[in-house]
There are 2 protein chains.
Amino acid sequence: MPLDALLTNGRLADGRRVDIGIAGGRIATLGEDAPPSNSVPCLDLAGDLVLPGLVDGHMHLDKTLTGLPWMDHAAGPTRMSRIETDKTILPYLPLSTEERAGHLIRDCVARGTAHMRSHVDIDLESRLAKLHGVLAARERHRDRVGLQIVAFPQSGVMRCPGVLDLLDQAVRAGADLVGGIDPLEIDRDPKGQLDGIFAIAARHGVGLDIHLHEPGEMGLFNVHEICARTRALGLAGKVTISHGFCLGQVTERAAGAAAELMAAAGVALVTHGAGGLALPPIEMLRAAGVLVFAGNDDIRDTWSPYGTGDLLERASIVGWKADFRRDAQVETAFDLVSAAGAKALGVADYGIAIGAPATFFTIAASGVAEAVAVHAPRKLVLFDGRLVARDGAALPEPLTVAAAVR
Amino acid sequence: MPLDALLTNGRLADGRRVDIGIAGGRIATLGEDAPPSNSVPCLDLAGDLVLPGLVDGHMHLDKTLTGLPWMDHAAGPTRMSRIETDKTILPYLPLSTEERAGHLIRDCVARGTAHMRSHVDIDLESRLAKLHGVLAARERHRDRVGLQIVAFPQSGVMRCPGVLDLLDQAVRAGADLVGGIDPLEIDRDPKGQLDGIFAIAARHGVGLDIHLHEPGEMGLFNVHEICARTRALGLAGKVTISHGFCLGQVTERAAGAAAELMAAAGVALVTHGAGGLALPPIEMLRAAGVLVFAGNDDIRDTWSPYGTGDLLERASIVGWKADFRRDAQVETAFDLVSAAGAKALGVADYGIAIGAPATFFTIAASGVAEAVAVHAPRKLVLFDGRLVARDGAALPEPLTVAAAVR
């Protein structure tokens, strides 16, 4: 196949200098001896580092205020206040869910994100409205980012009769996974919630991603319950625990036992760095065989004013909190927002290799550790062979490399 | 006095639209009705937010690797390994202390920092060599940043006989404060170290800034010892505890008692966000009357690969860890890296007011909360009326506004 474009003089994470040939949206050639040709549009990367498109494993696209003038945080200091306050704010914003989600997607694309998993609230008041908004944003941006959607019962399941049926409807309407939340703290009925959401996942053959903020031994109880159901239903590799703060709060021995259980059951963990709480022990979990990945969680939304959408900045925060100082450890922090996330999301052909989608970004950095620590602006961001952002700003529409160099 | 320059169409943190007239390096006029003049060089701020120059309350200019090619972190996982490894690395780098400190100062200036407090290692091996390097960097950059230097006994005091004398020499050579470190963990002799360093401070009439990493009740013991000596020697307002992780680790009651003691003694606390450890309770400490401020601590140095030098990013990390969500709380995070830091460092005439030094920066943001949360690049950075950085990059030399608009 003739090349559509050639990016010359890039540098891979392993130090190799490469020219990257693109054809049909994929990497067609990758080496130091690209076929010389006068007819192929060329872009000189000037030695910049080329890294695979980043993977945001935990987002809330439906809650963001991105695209709106700045607003003061309205909720009180508790999680339940944030849940209730959302219902008084989100439906009345001057931008729709689709519009706000679109603004945030483009902000994240500008920072090199290529794949996302977003939770979307499903509750008795808004029913599937937010899902439809995020589905529309996904469709609108399908040539810029891959987006996986979790039908997320933010307000609870058993305390809101009817939500289980809405979650089932959400999966039929296009959600990729079923969510859950704090079966003890929010629902006071762990058996009811977990039996209910696992039944929906099993019925549709989809995965689960369950928010677990519960502290210490309370949270650990539900880690055990989630692992037991994952094994019983043969869902290994399809279940994620979001946050899992408890794993950073119990004794090392109890966390170690939970890690063994999660690894054996095929239950993954996604973290955003745990805010003011103890971070789950990432290296211990990974050594035990648990798939650990990371995401931004709140990005300027009704839950938090913080978050820029930059996964390299997020990796630097996670690495700082995890006391990752050596390059190999900082590279682990990068893995959390790249390959590990891609594995969790089931991204096909992830990485920079011949035959893989031409989905990567370039940055001025000597290597992965510096890219994470300094998180300089992304120079070029490509998705499926087309340029979607440049010099830190999203393009209005994706451009072929040929059009970009013209 | 005739104006040297006029910056039009700026916006202050309180929302006021202002024109800022500069004369003799100071703010000469500040209002909506600047005197029209054809002869004054004008710069249009286009509605950007104008904030006072940032204050980095805790740095280690002598340890930075800024300006060098990226290096893997070399030390082991303990603080003592980092202390010992520094002695095998820092003297043999291809850039001098002065050069590396200069690179970092300019990086920070580019991000809006106007005042710094840097610790500089004083030990038996390097004696005053690092101090002389940082003093030279201070002199070289005196028209770009204010720099306060702490003579810091990184390797210990009582365990290294001769260091007390070196600290005394350091103050005579130009250090502004005397440092200390973990009197129990490092020196195993709290009375010896604290009596020794307080005697030097009292003798020279300078302040102290003491690193306290010690956990829980061990750290709290030294908080009490430091407060007692501060009161006994009449040093209220001149003593800082750096880190004070223990204040986030003990019971709320014990931390509250320590806060009362610190407030009564006039002992301040500086935090960098506490990494993977619990953050000291910032709001409680401030409510008790303790002066709390913040700094970046390590910025790409032999102790940590992280840190960009951006104090707005630092404030966002501290605010995120402190669970500051409301604008007023995010503004507290900003206060830690601005006015509170200026008070701790004794910066004269800090802030944006007529008669104050024209030391401020501009940023595209609706207000302080957005500036912290998004930490967009700084557009213009001025120090004493001259432009020192523009669009995120330090200028080679400071420019008058007249020269910049020419």
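Colleague: What makes you say that H9(A) is mostly covered?

Modeller: I counted, in a model that is predicted, mind you. Of the 11 residues of H9(A), 11 are buried. Buried here stands for 20 or more other C-beta atoms within 10 Å of a residue's own. Among those that pass are Leu311(A), Glu313(A), Arg314(A), Trp320(A) and Lys321(A). Right after the helix comes Asp323(A), with a positive phi near 65 degrees.

Colleague: Why is Lys343(A) called partly exposed?

Modeller: Lys343(A) sits in helix H11 (residues 339-345) of chain A. Lys343(A) has 16 other C-beta atoms within 10 Å. Buried needs 20 or more and exposed needs 12 or fewer, so a value in between is called partly exposed. That is why Lys343(A), with its 16, gets that label. As for where it lies, its C-alpha atom is 24 Å from that of Arg16(A), and the two residues are 327 apart along the chain.

Colleague: Back to H9(A). What does H9(A) give to the side of chain A that touches chain B?

Modeller: The largest share of that side, 5 residues, comes from H9(A). The contact as a whole takes 29 residues from chain A and 29 residues from chain B. Helix H10 (327-336) and helix H12 (368-374) of chain A also give two or more residues each to chain A's side. By class, that side holds 12 nonpolar, 9 polar and 8 charged residues.

Colleague: How do you know that the two domains of chain A touch?

Modeller: Domain 1 is 5-52 + 351-405 and domain 2 is 54-343, going by the domain assignment. Their C-alpha centres lie 30 Å apart. Contact is judged residue by residue, though: two C-beta atoms have to lie within 7 Å. By that test, 21 residues of domain 1 of chain A are in contact with 22 residues of domain 2 of chain A. H12(A) turns up again here, giving 5 residues, the largest share of domain 1's side. Strands S15 (380-383), S16 (386-390) and S17 (393-400) of chain A each supply at least two residues to that side as well. The classes there are 14 nonpolar, 4 polar and 3 charged.

Colleague: Over to chain B. How do H5(B) and H6(B) cross?

Modeller: The axes of H5 (residues 190-204) and H6 (residues 216-232) of chain B come within 11 Å and cross at roughly 35 degrees. The crossing is right-handed. Pro190(B), Leu194(B) and Phe198(B) make the contact from H5(B), while Asn222(B), Glu225(B), Ile226(B) and Arg229(B) make it from H6(B). Sorted by class, these come to 4 nonpolar, 1 polar and 2 charged.

Colleague: What makes S6 and S13 of chain B edge strands?

Modeller: Each of them pairs on one side only. They belong to an open sheet of 8 strands in chain B, with the order S6-S7-S8-S9-S10-S11-S12-S13 and parallel pairing. The twist averages 25 degrees from one strand to the next.

Colleague: And how do you know that S6(B) pairs with S7(B)?

Modeller: Pairing takes at least two bridges. S6(B) and S7(B) are joined by 4 bridges, so they count as a pair, and they run parallel. One bridge partnership is Met59(B) with Ser118(B), the latter in S7(B). Helix H3 (residues 129-140) of chain B lies across S7 and S8 of chain B, at about 165 degrees to S7(B).

Note on methods. Residues are numbered from 1 along each chain as its sequence is written. Chains are lettered from A and ligands numbered from 1 in the order in which they are written. This is a predicted model: local features need pLDDT of at least 70, side-chain atom pairs count only at pLDDT 80 or more; totals for chains, interfaces and linings use all residues. Ala, Val, Leu, Ile, Met, Phe, Trp, Tyr, Cys and Pro count as nonpolar, Asp, Glu, Lys and Arg as charged, and the others, Gly among them, as polar. Domain bounds come from an automatic or database domain assignment. Axes are lines fitted to C-alpha atoms, for helices over the stretch in contact, and angles run from 0 to 180 degrees between N-to-C directions. A crossing is left-handed if the near helix is turned anticlockwise from the far one by less than a right angle, and right-handed if clockwise.
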